[in-house]
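Biologist: Hi! Could you walk me through this one, starting with how the chains meet?
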Amino acid sequence: MEEKIRVLIAKPGLDGHDRGAKFIAQALRDAGMEVIYTGLRQTPASIVATAIQEDVDAIGLSILSGAHNTLLPRVAQLLKEKGAEDILLFGGGVIPAEDIPYLKEHGIKEVFTPGASSSEIIEFIRTHVRR
Amino acid sequence: MYAASATMNKDDFFLPHGKLNIRRLARFISLIEDNPEEAQADLAQVYCENHQALLLGITGPPGVGKSTLTDRLIAHYRSLDKKVAVIAVDASSPFTGGAILGDRIRMSSHATDAEVFIRSMGSRGNLGGLAPATMDVMNLLTSVGFDVVLIESVGVGQTEVDIMHLVDTVLLVLMPGLGDDVQALKAGMMEIADIFVINKADKPGAQQLQSEIAMLLSLRQERLAWTPPIVETVATEARGIEALTAAIAQHSEYLNSRHAEEKQRKRDHRFQRMVQQKILTLALHFLQDNQAYQQWAREASAAAVNPYAAMRDFENHIKLKWEV
């Protein structure tokens, strides 16, 4: 049997808009992946606990609130503390270009901003997951 | 990704100070899902009978509140200091094999509780409301010491009766306003319920639904030693959960003390299921590697023959040429 790619799509922090996250979840599903969708207002701790229990290959964090420089590196740090830094971490949402280098230095492998196509994201995941 | 070792045993799932190694457990579950054959040897090492474990199945049509109810049951068993595991099965797309698994949204208050383990599972082509790996994963979870395993099945309709063979107690969750669905349910689903749950019981029609279920139950020809109780809940407000868990405890008691043969019957079913699965796997493996079969299959499907004739031909091939 094939090894299925499992992806956690989560929204950290307090913004209440999850259309983008749902769009990506649907696109990944249509690409044959299993998507664990946890909905709004997740803490970094709950995201990391969920990722480990679900044994996901990748975590996609959707964030629109502006708190990305705090929340995304926090998830990366917790993954490392749990010995799970091999899980591919990427972000998406309204994230200013000048913040992206900082995020990439702090464990976020890629950042997708508005206008990124779903096939770009699918390709990115397929290329970079372990296995 | 997962390196199977020949010497794996139960201790490998625990950290030095005795806590469960969640990462290893979760990865082993993926191996069971992706490559069940490879996982079998380790499963045999790890498996140990856990007679104390409570195996609960939660099924019912979509949207009746199965996940919210599961969330409340987790909270209840945690308040008794039980270790709780959940297997939440959702449908995989028959077209792409992908799935969106969203049941744990309703259980997020338990996400960081170290004594709660929640695993979402795509049905991966299985009919019957469960995934191919569900039974193995359930056995794994009880073996490593979970006191309660809750299995939430795909909520699709009338065919998802597999759950009754897997768990000890099946909760069939319904809600007022399903209307004709209850009529449809009476055929297969009604018989699998050990406990009926009328969730969203604050909605109009709860009383009517209760009477309908009671009426259908009274029509049963078979005289059963256990009469399924009907429990009303409002899971979003945690109402009726005590009555529900009391009913679950009563059913466990019924299984344990008075009717051990009932429990044995379910175990026998599970065993038969494993044997059937093994036969199928072995047969498919054999055919995959068999040149003669491959060639026959190519010719048979290219010739667009009568499928009944082809099957007869196939049987003869198996008996004679392939020396099975």
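Modeller: Happy to! 27 residues of chain B are in contact with 30 residues of chain A, where contact puts two C-beta atoms, placed from the backbone, within 7 Å. This is a predicted model, so local features need pLDDT of at least 70 and side-chain atom pairs 80 or more, while totals for chains, interfaces and linings use all residues. Residues are numbered from 1 along each chain as its sequence is written, with chains lettered from A in the order written.

Biologist: Which element gives the largest share of chain B's side?
Modeller: That's α1(B), with seven residues. Helices are DSSP runs of H or I, at least four residues, and strands are runs of E, at least two, numbered from the N terminus.

Biologist: And which strand of chain A is joined to β3(B)?
Modeller: Strand β2 (residues 34-37) of chain A, running parallel to β3(B) with three bridges. Pairing takes at least two DSSP bridges. V35(A) has I100(B) as its bridge partner.

Biologist: New topic: how many residues are in the largest nonpolar core?
Modeller: 66, and L56(B), V149(B), I151(B) and V197(B) have the most contacts inside it. A core joins buried Ala, Val, Leu, Ile, Met, Phe, Trp, Tyr and Cys residues through C-beta atoms within 7 Å; buried means 20 or more other C-beta atoms within 10 Å of a residue's own, all placed from the backbone.

Biologist: Where does this core lie?
Modeller: Between domain 1 (1-46) and domain 2 (49-259) of chain B, because both give residues to it. Those bounds come from an automatic or database domain assignment.

How values were computed. A residue is buried if 20 or more other C-beta atoms lie within 10 Å of its own, exposed if 12 or fewer, and partly exposed in between; C-beta atoms are placed from the backbone.
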